[in-house]
Amino acid sequence: MLSEGDLLVVDNTVAVHGRTWLPGQILVEGRLRADLRWIGSEYSTRYRARLEVNRDFAVRGRTVTPYLQIEPFYDTRYDDWSRALYQVGAEIQVRKLLHR
């Protein structure tokens, strides 16, 4: 239950994803997303455009996928690009897949 001073946030999301392969088994993925938000009684929209580049490698029988992601945010409350998220990392397969 909300008490005085609490802010109610209602958030709906619309997203479109796409991906393509580049030479060298490099995968490029993109996502365009719109967050349709009501913050208190004010409506705003936040647009996000994420680009990810990754590639799988076999290391000791397991898959390791290093990646780079960049995602700028445009917020209509500020009428500007309000922030950017940068991520670098790797996904590592913990368990080998079981094949029958």
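# Notebook: patch, charges and two loops

**Entry 1: the nonpolar patch.** I began on the surface, where Leu51, Val53, Leu68, Ile70, Tyr86 and Val88 make a nonpolar patch of about 580 Å². A reminder to myself: this is a predicted model. Which strands supply the patch? I found that S3, strand S5 (62-75) and strand S6 (80-92) each give at least two of its residues.

**Entry 2: Val88, one of the patch residues.** I picked Val88 from the patch and placed it in strand S6. Is Val88 buried or exposed? Its relative accessible area is 70%, and exposed means over 50%, so Val88 counts as exposed. Setting aside residues up to four places away in sequence, I saw Val88 touch Tyr67 and Leu68. Leu68 is also on the list of patch residues. I then looked at Val88 and Val64, which are 24 residues apart along the chain, and their C-alpha atoms are separated by 13 Å.

**Entry 3: Glu52, a buried acid.** Next I went to Glu52, which sits in strand S3 (residues 42-54). What puzzled me at first is that Glu52 is buried yet has no salt bridge. The nearest side chain of opposite charge belongs to Arg50, 4.9 Å away. A salt bridge needs the nitrogen and the carboxyl oxygen within 4 Å, so I could not count Arg50 as a partner at 4.9 Å.

What does the side chain of Glu52 make polar contacts with? I found Asn54 at 2.9 Å and Gln69 at 2.7 Å, in both cases through the partner's side chain. I also listed the contacts of Glu52 beyond its neighbours within four places in sequence: they are Leu27, Val28, Glu29, Tyr67, Leu68 and Gln69. Gln69 therefore turns up twice in my notes, as a polar contact of the Glu52 side chain and in this contact list, where contact means heavy atoms within 4.5 Å.

**Entry 4: the salt bridges.** How many salt bridges does a search of the whole structure find? The count is seven. I followed three of them.

I took Arg46 and Asp35 to begin with; their closest N and O atoms are 3.1 Å apart. This pair links distant parts of the chain, with Arg46 in strand S3 and Asp35 in strand S2, eleven residues apart. Both Arg46 and Asp35 are buried.

Asp35 also forms a salt bridge with Arg48, with 3.7 Å between the closest N and O atoms. Here too distant parts of the chain are linked: Asp35 is in strand S2 and Arg48 in strand S3, 13 residues apart. Both Asp35 and Arg48 are buried.

From Arg48 I moved on to Glu71, and the closest N and O atoms of that salt bridge are 3.0 Å apart. Arg48 in strand S3 and Glu71 in strand S5 are 23 residues apart, so I noted another link between distant parts of the chain. Why do I call the two ends of this bridge buried? Buried means under 20% relative accessible area; Arg48 counts as buried because it is at 13%, and Glu71 because it is at 3%. Salt bridges that share partners join Arg31, Arg33, Asp35, Arg46, Arg48 and Glu71 into one network.

**Entry 5: Arg31, a member of that network.** I located Arg31 in strand S2. Arg31 counts as buried because its relative accessibility is 11%. A polar contact of 2.6 Å joins its side chain to that of Glu71. Not counting residues up to four places away in sequence, Arg31 touches Ala15, Val16, His17, Arg48, Ala49, Arg50 and Glu71. Among them, Arg48 and Glu71 are named in the network too.

**Entry 6: two loop residues with positive phi.** I closed by checking backbone angles. Gln25 has a phi near 60°, a positive value in a residue other than glycine. Where does Gln25 lie? I found Gln25 in the loop between strand S1 (9-22) and strand S2 (26-39). With a relative accessible area of 54%, Gln25 is exposed.

Arg60 is not a glycine either, and its phi is positive at about 55°. Arg60 lies in the loop between strand S4 (57-59) and S5. Its relative accessible area is 82%, so I entered Arg60 as exposed.

Methods: Residues numbered from 1 in each chain as written. Predicted model: local features only at pLDDT ≥ 70, side-chain atom pairs only at ≥ 80, totals over all residues. Heavy atoms only, no water. Helix = DSSP H or I, 4+ residues; strand = E, 2+ residues; numbered from the N terminus. Buried < 20%, exposed > 50% of the residue type's maximum accessible area, 1.4 Å probe, protein only. Lys, Arg positive; Asp, Glu negative; His and termini not counted. Polar contact = N/O pair within 3.5 Å; in protein donor to acceptor, adjacent residues only side chain to side chain. Patch = residues over 30% accessible without salt bridge, like charges linked within 9 Å, V, L, I, M, F, W, Y side chains within 5 Å. Areas by Shrake-Rupley, 256 points an atom, 1.4 Å probe, with all protein chains shown as cover.
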